[in-house]
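Welcome! Have the sequence and the 3D view open, and work through the exercises below at your own pace.

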Amino acid sequence: MSQQNQEDRPAAAPRTGTRDRRLPLMAVSGVVALVLAVAALAIPVPYVVESPGPAINTIGKVDNQPVISVAGHDSFPANTGSLDLTTVHLTGGLPGSQVNLFEVLAAWLNPSDSIYPEELIYAPGVSQQAVNSENTAAMTGSQENATAAALTALNIGYKTVLAVASVPADGASAGILKPDDVLVSIGGKPASALTTIQGVLAAGQGAPVTVDVLRGGAAKSVTVTPRKGTDGKYLLGIALQNKYTFPFDVKISLSNIGGPSAGMMFALGIMDTLTPGELTGGRHFAGTGTIDNTGNVGAIGGIAQKMVGARNSGADYFLAPAANCTDVVGHVPNGLQVIKVATLKEAYDAVSAIGSGKDGSSLPTCK
């Protein structure tokens, strides 16, 4: 028995040594698992995060330069008050700007941020350059529409024509009409309004139609066979834009911001600049909304983030497009009064009323 016990002791030693080696192995495995988990969280994911961007006073200055300046007409720069345009910061969804799971989780925990699948924001395969180009073009168009809307509201005349903005390669006018062609007439009727063009195409029911244009200043007549679109309407297969000739220069100096959503605030800023007195009465307004040349205010995206950005900048009043009311309700920051507007006139009247000291509590809001 004694000898057997002595033989058993050496046999037990390796088992004790094996248990000792397992502890560092388990620790190493845990570290590796943690590293892999962290690496997985850092892998880009196909989402876009919307967060509040800066608010910029359209009647103020940026880098000591007026955002809005006028040449060739009396102007009255504001000394007090704010008419802020609001912005949204987008992260993710584009090459070089992807977000990882860490960032998405942080945005999910932040009530001021929103998260969207990237395909809801950007077309598949789109580049940063293409997005920047589109946003710049939209911003330029919104500034021109804002100037036209402001002058219309102030009964200041200007000239406008419809021109071809682009011609899709698979459209009815491909190889026939060209970008920058100015439409003169269609089917013998003046092509001064989109409704006229649509009426001529509807009456023709797809028959070839004569389109007279100015191309590089020279008159040209072409024939286009319209095609029926997905909505059943006959189309020329072109994108149109208004080209304006204003009686004086209105310059908007703003960089690194794109898109059409500042149109209404630009228009208000232009109206304030062209008229004596302080429209805001020294109050702090902010807002958002597209604008057309007749003063209609259109819906925009990211309004929840824009309201947060407005309040963060100190705004007490926010002008929101009526078409965005469903996105406004439930997202209004404390201390911010939202005023619902559908036209530039409604927005101007609201700012004027509050700026002149009237009680604005009865102004329409989103419910």
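Helices (H or I, at least four residues) and strands (E, at least two) are DSSP runs, numbered from the N terminus. This is a predicted model, in which local features need pLDDT of at least 70 and side-chain atom pairs count only at pLDDT 80 or more, while totals for chains, interfaces and linings use all residues. Residues are numbered from 1 along each chain as its sequence is written, and side-chain values use heavy atoms, leaving out hydrogens and water.

**Exercise 1. Find Lys-220 and describe its surroundings.**

Step 1: Look in strand E13, residues 218–224, where Lys-220 is found.

Step 2: Check its exposure. Buried means under 20% relative accessible area, exposed over 50%, and partly exposed in between (1.4 Å probe, protein chains only). Lys-220 is partly exposed because its relative accessible area is 38%.

Step 3: List its contacts (heavy atoms within 4.5 Å). Setting aside neighbours within four places in sequence, Lys-220 touches Val-211, Asp-212, Val-213 and Arg-215.

**Exercise 2. Work out whether the length of helix H5 agrees with its expected span.**

Step 1: The expected span is 1.5 Å times one less than the number of residues.

Step 2: H5 covers residues 263–274, so its 12 residues should span 16 Å; the end C-alpha atoms lie 17 Å apart, which agrees.

Step 3: Now look at how covered H5 is: 12 of its 12 residues are buried. Among them are Gly-263, Phe-266 and Asp-272.

**Exercise 3. Describe the two faces of strand E5 and its pairing with strand E17.**

Step 1: Follow the side chains along E5, residues 68–71, which alternate. Ile-68 and Val-70 point to one face and are buried, whereas Ser-69 and Ala-71 point to the other and are not.

Step 2: Turn to E17, residues 249–252, which runs antiparallel to E5 and is joined to it by 4 bridges. Two strands pair if DSSP finds at least two bridges between them.

Step 3: Pick out one bridge: Ser-69 has Lys-251 in E17 as its partner.

**Exercise 4. Place these pieces in the whole chain.**

Step 1: The protein chain has 8 helices and 22 strands.

Step 2: Of its 367 residues, 37% are buried.

Step 3: Consider contacts with a separation of 6 or more: residues 24 or more positions apart account for 73% of them.
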